[in-house]
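User: I would like to learn how to read the features of a protein model, taking them one at a time. Could you give me the general idea in each case and then show me where to look?

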Amino acid sequence: MINSELPSYLEQEDRVAERFKKLKEREVILEVKDLYKKFPTPKGEITALKEINFKTHRREFVCVIGPSGCGKSTLIRILAGLESPTQGQVLLDGKPKSEPGPDRGMVFQGYTLFPWLTIKKNVMFGLQMKGMTNVDAESEAMQWVDLVGLSKFAESYPHQLSGGMKQRVAIARALANQPRILLMDEPFGALDPQTRLKMQTNLLEIWRNIDITVLFITHDLDEAIFLADRILVLKANPGEVEELIEVSVPRPRSPEQFLSPEFLATKKRLEELIHPEGEEDDEGFQLIRMTNVGDDVE
Ligand SMILES: Nc1ncnc2c1ncn2[C@@H]1O[C@H](COP(=O)(O)OP(=O)(O)OP(=O)(O)O)[C@@H](O)[C@H]1O
Ligand SMILES: [Mg+2]
């Protein structure tokens, strides 16, 4: 299909419009209000985030995309309470948050499991920290390990697992604390494409079955469209909201939809936003020729 035949990314089938109507009637879980983050650097102050405003509703799946350096990780770190904003507020269930807490679960790209603990004990850790007895923590942890399909590996150690399996444990561990929101910073970025697609499908299945709101950062446009209800597009220098897109691809999602007109229309819009035509590469990357004339391969 060529681009001119694509529908507008704003067009929604009735069932999709109906879903969004219902979603917006749900309570607001996360509200970001007029958020700014400035970092002092030797070259002067840089504004990593500017005037960020958005809300996510209960059980919504929001993806955040934007060019490298636009402030995605800074944003998620502020939401997690790991970094403080220069200005503005983060509200969870209407209450301001400035410290980390069990109401926000985090999954990063790097594998952050404790290598000396078994899978089960990794998931039990947060529960024991909350004061749960060992017996209760164990049975609770096993339910989450089961949910991510790793019961057989409960007694294994992280180094015995593949990258995808480790990230499933990280998801189980984050969910075991029963957070209100799951904050994920490129969690599948280091995985090969096949494993990545399996993980995306697995995550959607988990999200459908439990009461969790997800904020998911990615570089990958297909991943964002496949997962999200809405996509928050940031631009760089300074990191500002460019657009908040409602994904018109119906749910439940499946990999066949990657080539559907709605999917391609959304992707085209995201590409326009992220790589505007005529944009100069500001890094000034130049290739130096290191072969001899007449030595061409093309
Ligand atoms: N602690 C810090 N001190 C100074 N500058 C910082 C700090 N952390 C981030 N920055 C700057 O803030 C901007 C946003 O960085 P951030 O890591 O949030 O971007 P990102 O969108 O996550 O990038 P990527 O897609 O490459 O992960 C960048 O210009 C970065 O250099
Ligand atoms: Mg980042």
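User: Which residues does I225 touch, leaving aside those up to four places away in sequence?

Analyst: This is a predicted model, and in it I225 touches V247, V249, F263, T266 and K267 once residues up to four places away in sequence are set aside. I225 itself is found in helix α7, and it is 20 residues from I245 in sequence, with 9.8 Å between the two C-alpha atoms.

User: Is I225 buried or exposed?

Analyst: A residue is called buried if 20 or more other C-beta atoms lie within 10 Å of its own. I225 has 29 C-beta neighbours inside 10 Å, and therefore it counts as buried.

User: How should I read a helix, and on which side of α6 do its buried residues lie?

Analyst: The general idea is that an α-helix has 3.6 residues a turn, so residues three or four places apart point the same way. In this structure the buried residues of α6 are R196, M199, Q200 and L203. They cover an arc of only 105 degrees around the axis, which puts them on the same side of α6. On the other side of α6, Q194, R208 and N209 are exposed, while the cover over the buried residues includes α5 (163-176) and α7 (221-227).

User: What span should the 17 residues of helix α6 have?

Analyst: At 1.5 Å a residue, helix α6 (residues 193-209) should span 24 Å, and its end C-alpha atoms are 25 Å apart, which agrees. You can repeat the exercise on helix α1 (residues 14-25), whose 12 residues reach 17 Å from the first C-alpha to the last, close to the 16 Å expected. Helix α1 is hardly covered, however, for the count of buried residues among its 12 residues is 0.

User: How do I read a sheet, and what is the order of the strands in the open sheet of 4 strands?

Analyst: Strands of a sheet pair through backbone hydrogen bonds, either parallel or antiparallel. The open sheet of 4 strands has the order β2-β1-β4-β5, with antiparallel pairing. β2 (44-57) and β5 (95-96) stand at the edges with a single partner strand each, so one side of each is left without a neighbour in the sheet. Strand β4 (residues 87-92) and β5 are joined in the antiparallel sense over 2 bridges, and L92 has K95 in β5 as its bridge partner. Helix α2 (residues 72-80) lies across β1 (28-41), β2 and β4, running at about 60 degrees to β2.

User: What is the order in the open sheet of 6 strands, and what kind of pairing does it have?

Analyst: There the order is β6-β7-β8-β3-β9-β10, and the pairing is mixed. Its edge strands are β6 (104-107) and β10, each of which pairs on one side only, and the twist averages 20 degrees from one strand to the next. To see the mixture, compare two pairs: strand β3 (residues 61-65) and strand β9 (residues 230-235) run parallel and are joined by 4 bridges, whereas β9 and strand β10 (residues 240-246) pair in the antiparallel sense over 6 bridges. In the parallel pair, V64 stands opposite L232 in β9, and in the antiparallel pair, the bridge partner of K235 is E240 in β10.

User: Where might I find unusual backbone angles?

Analyst: Most residues other than glycine have a negative phi, and most peptide bonds are trans. The hairpin of β9 and β10 has 4 residues between the strands, and N237 in the turn has a positive phi of about 50 degrees. The peptide bond from N237 to P238 is cis, with omega near -5 degrees. The bond from R251 to P252 is also cis, with omega near 0 degrees, and P252 is found in the loop between β10 and α8 (261-274). Q178, in the loop between α5 and β7, has a positive phi near 50 degrees.

User: Which elements each supply at least two residues of the shell around ligand 1?

Analyst: When you read a shell, look for the elements its residues come from; here β1, β2 and α2 each supply at least two. Helix α2 gives the most, with 3 residues. The residues around ligand 1 include F39, T41, I46, A48, K72, S73 and T74.

Definitions and conventions: Residues are numbered from 1 along each chain as its sequence is written. Chains are lettered from A and ligands numbered from 1 in the order in which they are written. This is a predicted model: local features need pLDDT of at least 70, side-chain atom pairs count only at pLDDT 80 or more; totals for chains, interfaces and linings use all residues. The expected span of a helix is 1.5 Å times one less than its number of residues. The arc is that of the directions from the helix axis to the C-beta atoms. Two residues are in contact if their C-beta atoms, placed from the backbone, lie within 7 Å. Two strands pair if DSSP finds at least two bridges between them. Axes are lines fitted to C-alpha atoms, for helices over the stretch in contact, and angles run from 0 to 180 degrees between N-to-C directions. A residue is near a molecule or strand if its C-beta atom, placed from the backbone, lies within 6 Å of it.
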